[in-house]
Amino acid sequence: MEESRPKRVEPAQAARMRTVPIAVTPEGFWCCPSPAALHKSLKNPHHHSKPPPPQPQPQQQHKTASAPHSRAPSVQNAPSVTDEPVAGDAPDEQQHAQPAAAAAAAEEHKICVGFGQPETSDLTVMLYGKEGIAVRMSVHRDVLCRSSGFFAEKLAAASGGGGGHGSPAVPSCVEIHDCDDAEIYVETVGLMYCDEAKHKLLKQNVSRVLRIMKVAESLGFHACVKSCLDYLEAVPWVGEEEDNVVSSIRHLQSKAYGVSPLLKRVTSDNLKSPTDTLAHIMEMVLKSTDDRARREMKSLVLNLLKDNSHCTDGSSDICSELLYSSCRGCLDRLRLLFGEASEPDFSAQLTRQITLETDNLLWLVEILVNQRICDDFVTLWASQSEIAELHGKLPVASRHTVSCVTARLFVGIGRGEMLPSKNTRLLLLQVWLQALIDDYSWLQCSCRSFDRKLVEEGIGQTILTLPLEDQRSMLLAWLGRFLKLGDNCPNLQRAFEVWWRRTFVRPYVSQAR
């Protein structure tokens with residue numbers, strides 16, 4: 001009966017032992033468990049169904065395994081203690097065991113790491129990080145002092161206080177509190193044992209190397225910082241990585257780390273204005289002849305130039321001058337092509353060139369709309385009476401694409417994307433509406449991007465912005481053509497209804513009088 005009576009045991013013996021998982025990469029680096037994994041382990045301390053059977057204690061309990069002769073860091077697993085009580089404890093005994101169990105739980109995430117040859121270690125570094133992580137690193141004083149200015153200063157101060165090399169039986173200890181990145185901190189200390197840290201970074205990603213560089217800089221580990229910079233100079237980084245790299249290395253510019261090669265990737269000392277480069281790009285796109293390449297590059301440049309629409313440094317003004325210069329060049333070439341095509345015998349190549357120049361104008365108009373500077377182009381297009389006169393002399397198959405420019409301007413005015421003056425709107429209708437009506441059937445059949453309802457809405461809205469007398473003349477002229485052509489003429493019935501109500505149902509001026 002006496003043997004079956006529960007025995008009082010010490011809290012540390014009653015608690016279950018658990019090993020914190022530690023991994024070693026193929027390169028020899030120590031990988032600390034992530035804080036999330038440790039936090040999950042902390043929240044589930046009873047994941048073992050029953051305590052393990054008692055193991056016989058080895059004769060040499062504190063002996064550490066020897067590391068391989070390579071200078072890569074070696075790793076040890078340190079057992080940790082949980083606060084699970086023994087089933088046979090009495091309630092009062094459990095109450096007395098609670099403080100000790102709480103203290104044991106505080107040590108639950110202690111991890112031991114050895115570098116080089118642990119049996120020759122003469123220094124202990126205690127690292128306290130987030131989520132209760134405590135890392136005990138067995139290191140070598142000469143390695144840390146030789147590599148790190150931070151540890152050299154700390155150990156020099158400790159030696160001055162009498163706790164240094166004079167008492168080898170009591171190893172020195174350096175404590176680091178509130179560590180933000182314990183995993184990278186330990187890995188950076190491991191790099192102090194490597195002859196060439198740059199080669200150990202080969203399989204790392206940019207984000208991790210930036211973390212290593214940050215810790216290395218705080219430790220005064222200049223060789224590691226230089227290796228990180230050499231790595232970043234050689235690997236590609238774009239997008240969000242580019243922003244992180246630039247922000248991380250800008251504060252190093254004042255130090256002798258040689259960050260200029262990295263910054264030259266995103267900046268240039270060349271004082272040549274980017275306007276010349278943009279003009280060269282625009283010229284190459286406008287003169288391209290491959291249809292697919294033209295479409296892809298025009299779409300790309302159009303999207304890239306959208307970012308310049310919100311610039312306040314004057315670059316939008318430069319872009320405006322460049323765009324309108326390109327527009328005038330296209331109009332001049334289009335005028336010459338129309339003149340050649342109006343001759344009795346003209347080659348089919350002229351039709352191809354007219355289509356290309358019209359496509360260029362449509363692309364430039366889209367850029368001007370995105371830049372919100374298209375008002376002047378409406379004036380420029382409305383003043384092309386010579387091209388409009390030549391338009392009627394060309395076969396409809398050769399000329400109809402030009403009416404796409406007129407249709408796009410009507411759509412833009414109807415949407416409020418451009419705000420030309422009243423006289424410009426009236427001139428645009430007088431010069432180009434008849435040409436648009438003449439090409440309307442071809443536009444519906446030959447242009448896949450032509451939206452009839454959208455164009456008709458834009459024409460009607462443009463007419464309704466004019467004075468009432470101008471609305472009357474335009475809509476009555478349209479009515480005569482519509483009654484003859486039917487579906488081959490834009491359907492402006494909605495604009496006609498609005499004008500009718502303004503004229504006959506709600507004559508505001510007459511009521512005011």
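Helix α20 carries a kink of about 45 degrees, and the centre of this kink is tryptophan 432. The model in which this bend appears is a predicted one. The helix covers residues 422–438, which makes 17 residues in total. From its first C-alpha to its last, α20 reaches 24 Å, close to the 24 Å expected at 1.5 Å a residue.

The surroundings of α20 can be read from its side chains. Trp432, the residue at the centre of the kink, is one of the buried residues of the helix. Others among them are Thr424, Arg425, Leu426, Leu428 and Leu429, as well as Val431, Leu433, Ala435, Leu436 and Ile437. Against which helices do the buried residues of α20 pack? Their partners are α16 (375–382), α17 (385–391), α19 (403–415), α21 (440–446), α22 (452–464) and α23 (468–485).

The whole chain gives the setting for this helix. Its secondary structure consists of 25 helices and eight strands. The chain has 513 residues, and 41% of them count as buried. Among contacts with a separation of 6 or more, 73% are between residues 24 or more positions apart. The area that the chain exposes is about 29,100 Å², with 53% of it supplied by carbon and sulfur atoms. On that surface, Met297, Leu300 and Leu304 make a nonpolar patch of about 270 Å². Leucine 304, one of these residues, belongs to helix α13, which spans residues 291–305.

Charged side chains form a further layer of the description. Side chains of opposite charge can pair when their charged atoms come close. In this model, the count of salt bridges is 18. One of them joins the side chains of arginine 208 and glutamate 183, at 2.9 Å from N to O. Arginine 208 is located in helix α8 (residues 206–218) and glutamate 183 in helix α6 (residues 182–191), so this pair ties together parts that are 25 residues apart in sequence. Are these two partners buried or exposed? Arginine 208 counts as buried because its relative accessibility is 14%, under the 20% limit. Glutamate 183 is also buried, with a relative accessible area of 16%.

A salt bridge within one helix is found between the side chains of arginine 335 and aspartate 332, with 3.0 Å from N to O. Both residues lie in helix α14 (residues 315–341), where they are three residues apart, about one turn of the helix. Arginine 335 is partly exposed, its relative accessible area being 23%. Aspartate 332 likewise counts as partly exposed, at 40% relative accessibility.

Arginine 494 and glutamate 457 form another salt bridge, in which the closest N and O atoms are 3.3 Å apart. This pair links distant parts of the chain, since arginine 494 lies in helix α24 (residues 493–505) and glutamate 457 in helix α22, 37 residues apart. Arginine 494 is exposed, with a relative accessible area of 61%, while glutamate 457 counts as partly exposed at 29% relative accessibility. Salt bridges that share partners also join Glu366, Arg408, Arg415 and Glu417 into one network.

The backbone deserves attention at two further positions. Aspartate 178 has a phi near 55 degrees, a positive value in a residue other than glycine. This aspartate is placed in strand β8, residues 172–179, and counts as exposed at 70% relative accessibility. Arginine 372 has a phi near 60 degrees, again a positive value in a residue other than glycine. Its place is the loop between α15 (348–371) and α16. With a relative accessible area of 68%, arginine 372 is exposed.

The last stop is leucine 201, in the loop between α7 (197–200) and α8. Leucine 201 counts as buried because its relative accessibility is 0%, under the 20% limit. Which residues are in contact with leucine 201, leaving aside its neighbours within four places in sequence? They are Leu191, Ile212, Ser227, Cys228 and Tyr231. The C-alpha atoms of leucine 201 and cysteine 224 are separated by 10.0 Å, and the two residues are 23 residues apart along the chain.

Notes. Residues are numbered from 1 along each chain as its sequence is written. This is a predicted model: local features need pLDDT of at least 70, side-chain atom pairs count only at pLDDT 80 or more; totals for chains, interfaces and linings use all residues. Side-chain values use heavy atoms; hydrogens and water are left out. Helices (H or I, at least four residues) and strands (E, at least two) are DSSP runs, numbered from the N terminus. The expected span of a helix is 1.5 Å times one less than its number of residues. The bend at a residue is the angle between axes fitted to the seven residues ending there and the seven starting there. Buried means under 20% relative accessible area, exposed over 50%, partly exposed in between (1.4 Å probe, protein chains only). Contact means heavy atoms within 4.5 Å. Patches are made of residues with over 30% relative accessible area and no salt bridge: like charges are joined within 9 Å, nonpolar side chains (Val, Leu, Ile, Met, Phe, Trp, Tyr) within 5 Å. Accessible areas come from the Shrake-Rupley method with a 1.4 Å probe; for residues, only the protein chains shown count as cover. A salt bridge is a side-chain nitrogen of Lys or Arg within 4 Å of a carboxyl oxygen of Asp or Glu.
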